[in-house]
Amino acid sequence: MSTESIAWPSTTGESRSFVDHLHEWITTVDHKRLGILYIVYALVFLVIGGVEATVMRIQLIRPHNDFVSPQVFNRMFTMHGTTMIFFVAMPILFGFANYLIPLMIGARDMAFPRLNAFGFWMTAFGGLLLYFSLVGANGLYGAGNAPDVGWFAYAPLTSQTFSVGHSTDFWTLALLVSGFGSIGTAINIVATVLCLRCPGMTLAKMPLFAWLNLVMAGLVILAVSPLTAAQVMLLLDRYLGAHFFDTQAGGSAVIWMHFFWIFGHPEVYVLVLPAFAFASEIIPVFSRKAIFGYPVMVGATVAIGFISMSVWAHHMFTVGMGANVNTFFVISTMAIAVPTGIKIFNWLATMWGGKIEFKTPMLFCIAFLFQFLIAGLTGVMMSAAPFDWQLGNSYFVVAHFHYVIVGGILFTLFAAFYYWFPKMSGKMYSETLGKLHFWLFLIGFHLTFDFMHIPGLLGMPRRIYTYEPGRGWDTWNSIVTIGVFFQAAGILVFLGNLLWSYYRGKDAGSDPWDAWTLEWSTNSPPPAYNFHLIPTVKSRRPLWDLKHPDDPDWKYE
Amino acid sequence: MNTADLTLPKTELEWRLPSRGRVGMSALIAAEAAIFTIFVVAYLFYVGKSLSGPTPRDVLSPPFFYTFCLLSSSLTIHFASRSLRRWSFRSFGAWWLVTITLGAIFLYGTASEWHRLIYRDGLTISTNLFGTTYYSLVGLHGFHVVVGLACLGTVMVFTLFGAVKQEHAERIDVLSLYWHFVDAVWIVVFTVVYVIGR
C-alpha cells in the first residue's frame with residue numbers, strides 16, 4: 001500500500017450508527033460519494049429497466065403469446081426506454097464523470113460541490129416520480145398506470161384527449177426534473193474541467209477522459225435544454241389549454257418531433273462520448289502504449305460534438321420533410337461517421353504492436369470496438385433516406401440502436417466498472433467472475449441483437465405486442481428472447497462480483513494496473529481531499545514520468 | 001509498482017485558470033439561450049397560423065418605454081459593479097437600487113400589457129396559437145426578470161446591512177452577466193414579437 005497514511009477521518013469507526021452513516025451520505029457534497037450515489041442509483045434502475053425488457057421479450061417469444069396484455073406491453077416499452085436513457089445511462093455516466101474528473105485533473109472536488117448534490121437529488125427524485133406513476137397516475141385512488149406513450153411521446157398522443165389521467169404528466173415531469181439536474185451537473189463538469197486543472201495541465205495535456213466529458217457536458221447543455229423547453233410546452237398544453245401540439249387549433253405534431261429529436265440525437269452522443277472516454281483510458285493501459293493520435297482524437301471529439309447538433313431529423317425521414325431537407329440530413333448523418341471512424345482507427349492503432357493484456361476491462365473494450373463498428377455501419381445504412389423509408393420503425397432500427405447503446409455504451413461501462421472498481425473500493429474484483437460475466441454477456445448480446453436485425457428486415461414493426469405465425473419471424477424472435485436470459489445471467493454475475501469483491505476481495509493497492517493518469521497516484525479509495533499535495537504535471541501521462549524519470553513523456557510531446 | 005516513489009512534485013509553476021463563477025454562469029447562459037431558442041422557433045413557426053383572432057396586429061403595440069428601462073438597467077448595473085471595484089459602496093448601492101427599479105418598471109410594463117390583453121382583448125394562452133406562443137415566450141422572459149430581481153434584491157439587502165465588500169466584486173460581476181443576458185434576450189423577444197410577429 002501507499003506510504004501516505006492519510007485515510008478517511010478517524011472518526012469513521014464502527015461505533016457510528018446506521019443513521020449517522022445515512023446522514024453522511026444524504027448530506028454529502030463530496031464528488032466521490034456523489035459519484036457512487038449516481039452509480040448505485042443507476043444500477044438499481046438498470047435492474048428495473050432490464051426486468052421490463054425481459055417482460056417484453058417473454059411476451060414476444062412466440063406468436064399469439066399472452067404473457068402480458070397489450071396495455072401493459074405499451075407501458076413496458078415506454079418505461080424501459082425512459083428508464084434506460086434518463087435514469088440508467090445518464091446518471092451512471094455522470095457518476096463516473098463526477099468520481100473521476102477531479103481525480104484525473106488533480107483537483108480536490110468539482111467546481112460547485114453543492115450544485116453537484118443538487119443535480120444528483122434532482123435526478124433521483126425524477127426517477128422516483130416516474131415510478132410513482134404506478135400508484136399515483138390515476139390520482140391515488142385505486143391502481144394507477146404507468147406512462148404508455150412511448151419514450152419519445154409523439155403528439156398528439158400526449159394530449160389530454162388521447163392520454164387521460166396523469167400518466168403522461170408523470171412522464172413529462174420526471175424528465176423535466178431530471179433534466180434540470182442534468183443541466184446543473186453539465187455546468188459543473190464544464191466549470192471543473194476548465195477552471196480546476198492542476199498546475200501544468202494545459203488543455204493539450206488533459207487526459208482524453210476529461211476532454212470527452214467536457215464535450216459531453218457541452219452537448220448536455222445544448223441538447224437537454226430544448227427538451228426542457230419542449231416539456232414545458234407539453235405541460236402548458238395539458239394544463240393550461242395551450243395549443244403548441246394541438247393540431248385541431250392549427251398547432252403542429254411534427255414540431256414536437258423536431259423539438260424532441262433536437263434533444264434526442266445529440267443525446268446519443270451524450271451517452272457515447274463518455275463510452276469513448278472509457279475506451280480511450282483503458283485501451284492504452286492494457287496495450288502498454290500511449291494513446292495513438294491524441295490531437296486527432298480531441299479534434300474528432302469536438303467535430304462529433306458539432307455535427308451531432310445537425311443530424312436530428314434523420315429520425316424523421318418517414319414523416320415527409322421534402323427532398324432538400326432529407327438530403328441535408330442524409331449528408332450530415334453520413335458525415336458524422338467520419339470522425340467516429342477516425343476514433344476507431346486510433347484505438348486500433350493504439351493496440352497495434354502493443355503488449356496487450358487480456359484482463360476483463362480490455363475484453364469488454366475489444367468487444368466494444370467490433371460491436372460499435374457494426375452499429376455504426378447499420379447507422380450509415382439507415383442514414384440513406386430511401387433505405388430508412390423501407391425500414392423506419394422496424395425491428396432493424398431497434399436492433400441498430402441497441403447495438404449502439406448495449407454493444408457500445410454498456411460494454412465500455414462494464415469495462416469502466418472493472419477498471420476503476422479497485423480505485424473506488426480499494427478491493428480487487430474476481431477476474432474469473434469478470435471473465436464469466438464477459439462471455440455470458442457477449443453470447444447473450446449477440447444472440448439477442450444480431451438476430452433482431454432479421455425480423456426487422458422481414459418487416460416486423462417495433463412496439464407490436466404480438467404477431468401472426470408464419471411470417472418468418474417466429475424462430476428469430478425465440479432466439480432473441482433466449483439471448484436475454486444469457487444477458488440477465490451475465491448481469492447477475494456482474495452484481496455478484498461487485499458485492500463479493502467489495503466484502504471479500506483482496507486489497508488492490510493504489511495502482512493495480514501500472515497506469516498513467518493522476519487518479520492512480522492517490523490511495524484506494526481516495527481520501528476526502530483526494531491529494532495530499534496538489535500535483536504538478538508536465539505531460540499527458542504524469543505517472544509514466546514519475547515511474548520512468550530516465551525517459552519521461554514530456555521530452556517527446 | 002511501488003507507490004512510495006509516486007509522491008507528486010509540488011508546484012512552483014505560474015498557473016492561471018478562468019474563474020469558475022464566470023465559466024459556470026456562461027454555461028448556464030448557454031443552456032438558457034437554448035431554451036429561449038426553442039420558444040422563439042415555436043413563435044416564428046406559428047406566426048400567422050392562428051385559426052381565430054385576435055391577431056398581433058390588432059392588439060400589440062411595441063412597449064418602447066419599458067424596453068428602454070430594461071436596456072438601460074444593463075448600463076446601471078455596469079456602473080454599480082464599477083463603483084464596487086473603486087471602493088465606493090454608497091454609489092454601488094445607489095446604482096444597484098436604480099437597476100432594481102428599472103427592472104421592476106419593466107415587469108410592471110409586462111403585467112399591465114397582460115392585464116390589458118386578458119381583460120380588454122380577451123386573449124389568453126388558450127385562445128389561439130398567437131396567445132399560446134406570446135404568453136409562453138414573453139412569460140418565460142418575465143420569469144427570468146423575476147429571478148434576476150430576486151437575486152438583485154438579495155444583494156440589495158446585504159448592501160443595506162453593509163455586508164457587500166470589495167472582495168465580492170467577482171460575484172457581483174457574475175450576477176450582472178446574468179442580468180445582461182436577460183436584457184439581451186429581450187432584444188430578441190422584442191424583435192420577434194413586436195417587429196417580425198406583427
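This section describes the fold of chain B, the side of chain B that touches chain A, and one helix of chain A. The structure is a predicted model, with an ipTM of 0.92 and a pTM of 0.93. Within chain B, the pLDDT averages 92, and 93% of the residues score at least 70. At the start of the chain, however, pLDDT stays under 50 over residues 1–5 of chain B, and for this stretch the model has nine contacts beyond four places in sequence.

Chain B is built from six helices and has zero strands, so that its elements, read along the sequence, follow the pattern α-α-α-α-α-α. Its radius of gyration is 22 Å, whereas a compact globule of 198 residues would have a value near 16 Å. The C-alpha trace of chain B spans about 75 × 55 × 20 Å along its principal axes. Of the 198 residues in chain B, 34% are buried. Among the contacts in chain B with a separation of 6 or more, 84% are made between residues 24 or more positions apart.

Between the two chains, 36 residues of chain B are in contact with 43 residues of chain A. On the chain B side, the elements that give two or more residues are α1 (20–46) and α5 (129–160) of chain B, and the largest share, 13 residues, comes from α1(B). By residue class, this side of chain B divides into 23 nonpolar, nine polar and four charged residues.

In chain A, helix α4 covers residues 113–136. At 1.5 Å a residue, the 24 residues of this helix should span 34 Å, and the end C-alpha atoms of α4(A) are 33 Å apart, which agrees with that expectation. The helix nevertheless bends by about 25 degrees at Leu130(A), a residue that also belongs to the buried set of α4(A). The other buried residues of this helix are Asn116(A), Ala117(A), Gly119(A), Phe120(A), Met122(A), Thr123(A), Gly126(A), Gly127(A) and Ser133(A). In an α-helix there are 3.6 residues a turn, so residues three or four places apart point the same way. The buried residues of α4(A) pack against three helices of chain A, namely α2 (31–59), α3 (70–104) and α5 (167–195).

How values were computed. Residues numbered from 1 in each chain as written. Chains lettered and ligands numbered in written order. Predicted model: local features only at pLDDT ≥ 70, side-chain atom pairs only at ≥ 80, totals over all residues. Contact = placed C-beta atoms within 7 Å. Helix = DSSP H or I, 4+ residues; strand = E, 2+ residues; numbered from the N terminus. Nonpolar A, V, L, I, M, F, W, Y, C, P; charged D, E, K, R; others polar. Expected span 1.5 Å × (residues − 1). Bend = angle between axes of the 7 residues up to and from the residue. Buried ≥ 20, exposed ≤ 12 C-beta atoms within 10 Å, placed from the backbone. Rg over C-alpha atoms; globule rule 2.2 N^0.38 Å. pLDDT = per-residue confidence, 0-100.
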